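I opened this entry to keep track of what I looked up in the model, residue by residue and then element by element.

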Amino acid sequence: MELAQTLIEFKNVSYQFSLPHGELLVLKNINFSATEGEFIAVVGPSGSGKSTMLRLMSGLIQPSIGKILYKEKHQVNTNLEAAMVFQNFALLPWLTAQENVELGLEARGIDLNTRQKKANFYIDKVGLDGYEEAYPRELAGGMKQRVGLARALAIEPKILLMDEPFSSLDVLTSINLRDELIHIWSDKDFPVNTVFMVTHIIEEAIELADRVLVLSSRPGQIAGDLKIDLPRPRDKRSPVFNEYVDKIFSLIA
């Protein structure tokens, strides 16, 4: 049986912001690796560097100390095989849903015909068929996030980065989108099979992820790396599920 490839690895990574009154250490000595096909969630208190980890993974920022390996090579630039889904949707209001989904493809120099076909395919996959010409102001929050998800999927990334993607949505919409995310991730016909998601909801992390990384208070350090050994779909009322909740909560607290 072929072993899964190590996709990304943090080696002794620390990150600090330069502020007018001095340096602010956000992440300290982070070491972990993610293999292809994993769904990893990161939880931790506010200010623990969860979102900073995503930006480091995407290559938008570089470590202050240490290094990040992507496919065993030192990552020093923006990772074009990663795509981000943001908490606040990050849609351009003057573009239609279709045009927003095409944005990443256009930036990569994909021709008009190909990017329209890809955008249409992923718009349909996230349940937005018929809303291609709608503008963000005409869409509810859940539909905006579907556009954001379709935009990320359209570039067919190796790794999907999600920054609290469901926190701005109502409960029913977030439940539906979590189910759809698991369906997309589990579908072997989809190019995207590795997901790294930041969330502040412990139950959400356990429901979705294979592994949960727990960060301590600032500076963020890995306080726990838990494998979630539960069959899907996961029953939030089961004793084992709640044991995971208690363990992760104790690590954060």
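**Entry 1: Ser 14.** I began with the contacts of Ser 14: leaving aside neighbours within four places in sequence, Ser 14 is in contact with Leu 25, Leu 27, Lys 28, Asn 29, Pro 63, Ser 64 and Ile 65. I note here that the model is predicted. Ser 14 sits in strand β1. Its relative accessible area is 9%, and the cut-off for buried is under 20%, so Ser 14 counts as buried. I then looked for a polar partner of the side chain, and found one of its polar atoms 2.9 Å from the backbone nitrogen of Asn 29.

**Entry 2: the sheet around β1.** In which order do the four strands of this open sheet come? I read the order as β2-β1-β4-β5, with antiparallel pairing. The edges are taken by β2 (22–35) and β5 (73–74); each has a single partner strand, so one side of each has no neighbour in the sheet. I looked up the pairing of β1 (residues 6–19) with β2 and found 10 bridges in the antiparallel sense. In this pairing Tyr 15 stands opposite Leu 27 in β2. Helix α1 (residues 50–58) lies across β1, β2 and β4 (65–70), and I noted its direction as about 120 degrees to β1.

**Entry 3: Ser 48.** I went next to the loop between β3 and α1, where Ser 48 lies. Is Ser 48 buried or exposed? It counts as buried, at 0% relative accessibility. Its side chain reaches the backbone oxygen of Pro 45 at 2.7 Å. Not counting residues up to four places away in sequence, I listed Val 26, Leu 27, Leu 215, Ser 216, Arg 218 and Gly 220 as the residues that Ser 48 touches. Leu 27 is thus listed for Ser 48, and Leu 27 is also among the contacts of Ser 14.

**Entry 4: the six-stranded sheet.** I followed the strands of the other open sheet and wrote down the order β6-β7-β8-β3-β9-β10, with mixed pairing. Here β6 (82–85) and β10 stand at the edges with a single partner strand each, so one side of each is left without a neighbour in the sheet. Direction ignored, neighbouring strands of this sheet are turned by 15 degrees against each other on average.

I checked two pairs in detail. Strands β7 and β8 pair in the parallel sense over four bridges, and Leu 160 stands opposite Val 195 in β8. Strands β9 (residues 211–215) and β10 (residues 222–227) run antiparallel and are joined by five bridges. Val 214 stands opposite Gly 224 in β10. The two strands β9 and β10 form a hairpin, with six residues between them.

**Entry 5: helices on this sheet.** Helix α4 lies across β6 and β7 and runs at about 175 degrees to β6. Helix α5 packs on the sheet and touches β3, β7 and β8; I noted about 140 degrees between its direction and that of β3.

**Entry 6: helix α5.** I checked the length of α5 (residues 171–186). At 1.5 Å a residue its 16 residues should span 22 Å, and the end C-alpha atoms are 23 Å apart, which agrees. Which residues of α5 are buried? I listed Thr 173, Ser 174, Leu 177, Arg 178, Leu 181, Ile 182, Ile 184 and Trp 185. Seen down the axis of α5, these buried residues fall within an arc of 170 degrees, so they line one face of the helix. As a reminder to myself, an α-helix has 3.6 residues a turn, so residues three or four places apart point the same way. On the other side of α5, Leu 172 and His 183 are exposed.

I then asked what the buried residues of α5 pack against. The elements are β3 (39–43), α4 (141–154), β7 (159–163), β8 (195–198) and α6 (202–208). At the start of α5, a side-chain oxygen of Asp 170 comes to within 3.2 Å of the backbone nitrogen of Leu 172.

**Entry 7: Gly 141.** Last, I looked up Gly 141, which has its place in helix α4. Gly 141 counts as partly exposed, at 27% relative accessibility. Residues up to four places away in sequence not counted, Gly 141 touches Phe 89 and Leu 169. I also took the separation of Gly 141 from Ala 253: 112 residues in sequence and 32 Å in space, C-alpha to C-alpha.

Definitions and conventions
Residues numbered from 1 in each chain as written. Predicted model: local features only at pLDDT ≥ 70, side-chain atom pairs only at ≥ 80, totals over all residues. Heavy atoms only, no water. Pairing = 2+ DSSP bridges. Contact = heavy atoms within 4.5 Å. Axes fitted to C-alpha atoms, helices over the stretch in contact; angles between N-to-C directions. Expected span 1.5 Å × (residues − 1). Buried < 20%, exposed > 50% of the residue type's maximum accessible area, 1.4 Å probe, protein only. Arc of directions from axis to C-beta. Polar contact = N/O pair within 3.5 Å; in protein donor to acceptor, adjacent residues only side chain to side chain.
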